[in-house]
Amino acid sequence: MTNQNISLVKVRNTLLVTMPADPDDVTVTTLQEEVLGAMEEYRPKGLVLDISAVETLDSFFARTITETSRMVTMMGGQTVIAGMRPSVAITATQLGLTMVGTFTALTVDRALDLLTHPHPRRRIR
Amino acid sequence: MSDLARGNIPIKSENDIVAARRVVRDLATQLCFGVTDVTRVITAASELARNVFLYVGAGVMWWSILDQCGEVGLELTFEDHGAGIPDVEQAMTPGYSTSRGLGLGLPGVKRLMDEMEIHTEVGKGTTVRVRKWLRK
Amino acid sequence: MATRSKLSGTAALEDIEGVGPQAFLASIVECSDDAIYGKTLDGAILSWNRGAERIYGYSAAEMVGRPVSVLVPPNKPDEVPAILERVKRGERVSHFETTRVRKDGEVIDLSLNVSPIRDASGQIIGASTTARDITEQKKMREALAERAKEILDVSTPVLQVWEGVVVAPFIGTLDTQRAQQFMERLLDKIVQTNSAVALLDVTGVPAIDTRTAQHLIETITSVRLLGAQAILTGVRPAIAQTLAHLGINLADVVTRSSLAAGLRVALDILNLKIITQEDQAKGAHSL
């Protein structure tokens with residue numbers, strides 16, 4: 001079920017997806033397919049996307065994430081992006097990628113807490 | 001005063017976008033750019049390479065290391081022989097997007113780099129040149 | 001033998017006992033601390049003063065007749081030809097900072113001045129180079145830059161005030177370089193301390209320009225992407241006005257009028273509350 005470089009596991013009724021350092025376009029597209037498949041199968045309360053290993057977040061990756069997040073929401077879940085690196089956060093901001101519609105968390109741990117006890121202030125407006 | 005090194009890679013497939021990122025990462029790291037600047041340059045290259053592949057299908061990325069009066073920099077040039085950009089000013093306006101959704105992302109790329117030049121001619125092609133200088 | 005009319009200021013030198021004007025000028029060159037050497041337009045060394053011997057480590061006998069490229073480090077093959085090209089066109093190269101290699105292999109930092117040498121008819125027949133050893137100067141410059149950077153770090157501190165809360169008090173304006181460094185330090189600190197909240201306090205900022213406002217908004221957005229909550233505190237009317245004029249909607253940003261108020265929000269986010277000792281005492285009674 002899992003792609004060679006994307007890791008997808010079910011943890012505490014959420015999906016934990018871990019992205020590799022520099023995923024190519026095929027891997028990024030696979031992310032979306034795998035998440036949708038897993039959402040269907042397990043009906044988890046949310047998706048935690050662990051990007052702590054990711055060094056580059058370009059517009060294609062960002063677009064795919066927000067699309068996936070939208071689909072997860074439509075299927076009754078929430079998406080939390082976890083572990084974004086400072087250099088990636090700064091670059092994404094300056095490039096104009098704001099990832100509206102997703103939650104963010106410093107760590108996977110925090111992300112899982114968030115999905116278990118959601119806090120209204122954390123959402124990006 | 002002189003170019004220290006230069007090279008190029010063709011952009012013909014999605015894999016070439018990744019290849020472009022790798023080459024730029026190696027160059028930026030070699031030149032001792034800080035972590036965030038390395039990320040900026042790689043991301044800018046990814047965006048511009050993707051534009052070439054997405055809108056034209058084929059093109060080339062030239063890179064060269066610059067040394068001007070002790071200032072070290074990295075220059076990337078993305079060249080294609082596509083349809084050209086009909087209205088560059090509009091494309092450079094933040095917030096503008098084509099029907100695809102995110103447009104060419106040029107304002108964002110400009111923000112990431114120190115210098116950017118665009119030469120385009122409808123029906124002939126486009127050349128986008130960007131530079132980042134090493135901060136002291 | 002000297003063509004006195006070509007050498008300016010030599011009239012007075014005729015008066016110096018026992019020393020002809022040309023010899024006097026020659027000894028000025030010889031005794032200079034700087035390296036002064038002449039070369040042909042092909043780069044072959046014609047003259048080599050004592051300063052050059054000291055700086056480069058080669059004696060005059062060793063250098064005269066040899067190409068100047070002997071001194072150039074291997075990673076700069078085009079430098080000397082480029083310089084000679086300019087000299088041939090009658091140009092001077094001034095304060096050109098570069099590196100050269102001494103006889104013992106040590107690489108040194110130099111500042112070069114290269115001028116064309118003309119013959120009686122005004123034709124360019126060679127080049128004269130003065131080289132100053134700036135290795136010490138460069139070290140001092142770098143030390144100063146380090147010190148300046150340290151001052152920057154100190155003047156835009158990022159402090160952890162509680163577990164999970166960092167505060168960044170802004171003082172003055174942020175130029176681009178300072179802003180970029182600040183953003184990186186702030187985000188690194190947030191990750192390092194695993195903080196949930198970052199208070200950006202602008203009480204000490206009376207007014208901001210467009211660039212600083214942009215940096216501020218970028219900082220707030222980056223903090224959010226990272227996964228922490230950014231709270232802007234101490235916004236003065238002038239700043240609110242600037243931000244409004246720039247079309248920035250502060251409704252998207254959590255703001256409070258004072259740092260203290262911001263801290264209260266932070267504690268709330270962390271599910272913490274400040275109880276006075278009085279409250280505690282009362283609480284104990286009501287149990």
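# Chatting through a three-chain model

Student: Hi! What am I looking at, and what scores does the predictor give the complex?
Tutor: Hello! This is a predicted model. The predictor gives the complex an ipTM of 0.88 and a pTM of 0.72.

Student: And what is the mean pLDDT of chain C?
Tutor: For chain C the mean is 85, with 89% of the residues at 70 or more.

Student: Which elements of chain C have the lowest and the highest mean pLDDT?
Tutor: Helix α10(C), residues 277–286, has the lowest at 73, while β8(C) has the highest at 95.

Student: Where does pLDDT stay under 50 in chain C?
Tutor: Over residues 1–8 of chain C, and the model has seven contacts beyond four places in sequence for them. Where pLDDT is low, the predicted coordinates should not be read in detail.

Student: Okay, back to β8(C). What order do the strands have in the open sheet of chain C?
Tutor: The order is β6-β7-β8-β9-β10, so five strands with mixed pairing. Because β6(C), at 159–162, and β10(C), at 254–256, stand at the edges with a single partner strand each, one side of each is left without a neighbour in the sheet. From one strand to the next, the twist averages 30°.

Student: Do β8(C) and β9(C) run parallel or antiparallel?
Tutor: Parallel: five bridges join β8(C), residues 197–201, to β9(C), residues 229–233. Within that pair, Leu199(C) stands opposite Ile231(C).

Student: Which helix lies across β6, β7 and β8 of chain C?
Tutor: That is α6(C), residues 176–193, which runs at about 160° to β7(C).

Student: New topic: what does β1(C) pair with?
Tutor: One partner is β5(C): six bridges join β1(C), residues 35–40, to β5(C), residues 124–133, and the two run antiparallel. There, Thr40(C) has Gly126(C) as its bridge partner. β1(C) also pairs with β2(C), residues 45–48, in the antiparallel sense over three bridges. In that pairing Gly38(C) is matched with Ser47(C).

Student: How many residues sit between the strands in the hairpin of β1(C) and β2(C)?
Tutor: Four, and in this hairpin Gly43(C) takes a positive phi near 95°.

Student: Let's move to chain B. How many helices and strands does chain B have?
Tutor: Chain B has four helices and five strands. From the N terminus on, they run β-α-α-β-β-α-α-β-β. Chain B has 136 residues, of which 34% count as buried.

Student: How many residues does each side give to the contact of chain B with chain A?
Tutor: Chain B gives 19 residues and chain A gives 16. On the chain B side, α1 (14–30), α2 (35–56) and α4 (106–112) each supply at least two residues. The largest share, nine residues, comes from α2(B).

Student: What kinds of residues are on that side of chain B?
Tutor: They divide into six nonpolar, seven polar and six charged.

Student: Last one, chain A. At what angle do α1(A) and α2(A) pack?
Tutor: At about 5°, with the axes of α1(A) (25–42) and α2(A) (59–74) 10 Å apart. Angles under 35 degrees count as roughly parallel, so α1(A) and α2(A) are roughly parallel to each other.

Student: And which residues meet there?
Tutor: Among them are Val28(A), Leu31(A) and Val35(A) in α1(A), which meet a group in α2(A) including Phe60(A), Phe61(A) and Met71(A). The residues of this contact divide into nine nonpolar, four polar and two charged.

Technical notes:
Residues are numbered from 1 along each chain as its sequence is written. Chains are lettered from A and ligands numbered from 1 in the order in which they are written. This is a predicted model: local features need pLDDT of at least 70, side-chain atom pairs count only at pLDDT 80 or more; totals for chains, interfaces and linings use all residues. Two strands pair if DSSP finds at least two bridges between them. Axes are lines fitted to C-alpha atoms, for helices over the stretch in contact, and angles run from 0 to 180 degrees between N-to-C directions. Two residues are in contact if their C-beta atoms, placed from the backbone, lie within 7 Å. Ala, Val, Leu, Ile, Met, Phe, Trp, Tyr, Cys and Pro count as nonpolar, Asp, Glu, Lys and Arg as charged, and the others, Gly among them, as polar. pLDDT is the predictor's confidence in each residue, from 0 to 100. A residue is buried if 20 or more other C-beta atoms lie within 10 Å of its own, exposed if 12 or fewer, and partly exposed in between; C-beta atoms are placed from the backbone. Angles under 35 degrees count as roughly parallel, over 145 as roughly antiparallel, 65 to 115 as roughly perpendicular and the rest as oblique.
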